[in-house]
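Dear colleague,

I am passing on the structure we spoke about, together with some notes on its empty spaces, its backbone and one of its helices. Please read the notes with the coordinates open beside them.

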Amino acid sequence: MPHPLDSFFAPASIALIGASRDHEKIPGRLLSMLRKNEYPGKIYPVNPNYADIDGLACYKSIAEIGAPIDLAVIVIPARAVLAALEQCAAAGVKNAVIISSGFAEEGGDSAAMQDAIAALAKRTGMRVSGPNAEGFFSQVHRVAATFSPAVDVKPGVVPLVATTRRIGIVAQSGGIGFAYYHRARALGLAVSYVVSAGNESDLGAGEFLDYLVQDTSTDVILLFIEGIRDVERFLAAARLAAELKKPVIVTKVGRSGAGQRAAASHTASMTGWSAAYDAVFAKHGFIVSNDLDEALTIAALLASNPLPKGDRVAVVTVSGGAGIWGADAVALQGLQVPELSEPIQAGIKQLMPSYGTARNPIDVTAQGVTSGGLQKSVDVLTASDEVDAILVVLSLSSEVRKPFKEEELKPVLAAQRKPVMFYSYTVPSDFARRELAKSGAVVLTGLTHVGVAMRQLVDCASFKLPPPSDVARLPARDLSAHLKSPVLSEADSKTFLRAAGLTLPDEVLVKDKSELDEAVARVGFPLAMKIQSPDIAHKSEVGGVRVNITTKGEVFLAFEALLDNVRKHRPEADIQGVLVGPMAPKGVEIIVGTMTDETFGPMVMVGLGGITTELFRDVVYRPAPVSADEAGAMLAGLKAAPLLNGFRGAAKADVAALAQLIADISVLAARHAGEIAEIELNPVLVHPEGRGATIVDALVVGRK
């Protein structure tokens, strides 16, 4: 099915506006790169200073060409770009890449010029990439619309190609995007496209991602982003990638730059700079990698292997120490390195000297290379149901010796029964890389990265797109009357939540000592008492909480003590009274909250609750709303998950009730995103299975 960007990535004709004869400068390199990569379409240089360039007729303006133009590549001074784009639009040019810099990245009038470019694109329908872009490279269509030296073609050099499946690269940094490409080529990875998004005046990373997701020649996607501007397109593309099961490996930079947002709740203060991005990535099954080489290792395994059926790994080596190291690297990622059964061990022992070992890791020794034991061991393990993946650890430094025969290894890898990965603990020779590439094998050199990549393959194989949330379960209601102030007290927050349809304990707000008897009669013992003020979010910090009160005398003393403490610590606070409520049964303390991200909107969070929440920061975020199933997956992702599942003989907690509460809160946050900035339930006490969960404390922050 045609894509709107087909004419962008596969143009039948290209105009180079600002073309030059000087191949040492960017305008000249653009023409050179197109020709060296054997671009099959028509090229029209545009520069009023030349009659011809490198044997091609040169035009004074785009209007002089008089032929259809699919793509204009613009590399002229920033002040002249807008006029050139107007001429392109008038001439019917479909797409443009602006290499020129000096726009929004400089601010001031330069940013206004970029706004004008965006307006032109919207008005004319011409699609514009950049400005401040490094262009793109379509290896599939041989379109090198970039000046990057990474796409230069060296005469007589045969490219190393180990994979038939291709990776596509989208980067908001041209330098990093083409660095991915450069390193991918060194590994022998086939590439479909590399595109740098630049300043994204029109076309953004989301739309480029959408193209690669739908592109049949792209099997794995590498994504490098600083921030997302075309959010709706990005989210739609992310969901489509998950539905099509096309792997996306993402690196998000800018995680450490800005300080924490000023917020009333723990939920928002713990988000960090990129928690919402990670939540979106997790929801759609993106593989997050914060290291360039690690990301490429993951891409290499995905491009050269099937996904594993489980997490059992066999390590085959020619060096005992290297094999143990390989087993450690795998085990550190939580993967199994199981001891093989006696029949399998007996079969493998016949393929190695007596001083080898067949238990796993399997050491066929150096002799196993020459005797064929290495290959035959891989054959046995590939056919075995006892392992799901194979890691071959060996030395590939030789310039002449072949550890595998192509006619033996290639059929095994081509069958794609299970992942077979190759790690060299010595620097691999070009000879070895090329010999293994003939069989479809990629040689890897970072053992930690290999372990991480294998873990990611296992997780990728088990990922399922979560079902949509049940928004109809929580009836829609007008709650505006309950948002009386930007920050609600606990009592007002709980009134708001009850009005929204949530179940909370029966509590009484006492404004005067004379009301205490009636409150005690209604609530009963044991009870808890808490000071109430919209100005005090964290009551325990001002001595505003008393618990496990069992007599009337304690009630009256606590009432006076709470008021005295607040007058001492927060004399300016507006005091509503004291909330009297029943002590909740014991349970696991959990925090459930929502916050609003500037890019992606409402987020829901769950974590280990209580006063240690910010200390341990054991939290998981997802875009709101979520289903109960997705909430359950969030809970399973907590380090504290064993506490909910009967840790050390404790009763299993009511995870189903907690998951439903998380889902309901997420629906509430999403539905009222225009009115609510934050919700925090901390703690929620999760009781034994079948006994539900109790919201002990609550905070609602409205939009200011």
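How many nonpolar, polar and charged residues does the lining of the largest pocket have? Before I answer, please keep in mind that this is a predicted model, and that what follows was computed from it.

**Pockets**

By class, the lining of the largest pocket has 20 nonpolar, 12 polar and nine charged residues. The volume of this pocket is about 880 Å³, and 41 residues line it, with Val545, Asn682, Pro683, Val696 and Asp697 lying nearest its centre. Strands E21 (527-532), E22 (545-549), E23 (577-582), E27 (676-686), E28 (693-695) and E29 (698-702) each contribute at least two residues to the lining of the largest pocket.

The second largest pocket has a volume of about 760 Å³. Its lining comprises 23 residues, and those closest to the centre are Ala282, Phe286, Gln456, Asp459 and Arg622. Two or more residues of this lining come from each of helix H9 (275-283), strand E14 (287-288), helix H17 (447-462) and helix H22 (628-636). Divided by class, the lining of the second largest pocket holds 10 nonpolar, five polar and eight charged residues.

**Cavities**

As for enclosed space, a search of the whole structure finds five cavities of 30 Å³ or more. The largest cavity has a volume of about 80 Å³, and it is lined by 13 residues, of which Ser304, Asn305, Val420, Phe422 and Gly440 are nearest its centre. Helix H10 (292-304) and strand E18 (420-424) are the elements that give two or more residues to the lining of the largest cavity, and E18 gives the most, with three. Eight of the lining residues of the largest cavity are nonpolar, four are polar and one is charged.

The second largest cavity, with a volume of about 50 Å³, is lined by Pro403, Phe404, Lys405, Glu406, Leu409, Glu435, Leu436 and Ser439. Helix H15 (406-414) and helix H16 (430-437) each supply at least two residues of this lining, which by class has four nonpolar, one polar and three charged residues.

**Helix H15**

Since H15 takes part in the lining of the second largest cavity, you may wish to look at this helix on its own. Which residues of H15 are buried? They are Leu409, Val412 and Leu413, and Leu409 is also named among the residues that line the second largest cavity. Seen down the axis of H15, the buried residues fall within an arc of 95 degrees, so they line one face of the helix. An α-helix has 3.6 residues a turn, so residues three or four places apart point the same way. On the other side of H15, Glu407 and Ala414 are exposed. The buried residues of H15 pack against helix H14 (373-383), E18 and H16; of these elements, E18 contributes to the lining of the largest cavity, and H16 to that of the second largest. Just after H15, Gln416 takes a positive phi of about 55 degrees.

**Backbone**

Two cis peptide bonds deserve a look in the model. One joins Gly130 and Pro131, with omega about 0 degrees, and Pro131 is placed in the loop between strand E7 (127-129) and strand E8 (136-138). Another joins Asn360 and Pro361, with omega about 10 degrees, and Pro361 is placed in the loop between helix H12 (342-349) and strand E16 (362-363).

There are also residues with positive phi that are not glycine. Asn548 has a phi of about 55 degrees and belongs to strand E22, one of the strands that supply residues to the lining of the largest pocket. With a relative accessible area of 48%, Asn548 is partly exposed. Is Arg648, by contrast in its setting, buried or exposed? Arg648, whose phi is positive at about 50 degrees, is in the loop between helix H23 (641-644) and helix H24 (655-671); at 77% relative accessibility, Arg648 counts as exposed, because the cut-off for that class is over 50%.

With best wishes

Definitions and conventions:
Residues numbered from 1 in each chain as written. Predicted model: local features only at pLDDT ≥ 70, side-chain atom pairs only at ≥ 80, totals over all residues. Heavy atoms only, no water. 1 Å grid on protein atoms, 1.4 Å probe; cavity = no way out; pocket = protein on both sides within 12 Å on 5 of 7 lines; lining within 4 Å. Points joined across faces, edges and corners; volume = space filled by probe spheres on them. Helix = DSSP H or I, 4+ residues; strand = E, 2+ residues; numbered from the N terminus. Nonpolar A, V, L, I, M, F, W, Y, C, P; charged D, E, K, R; others polar. Buried < 20%, exposed > 50% of the residue type's maximum accessible area, 1.4 Å probe, protein only. Arc of directions from axis to C-beta. Contact = heavy atoms within 4.5 Å.
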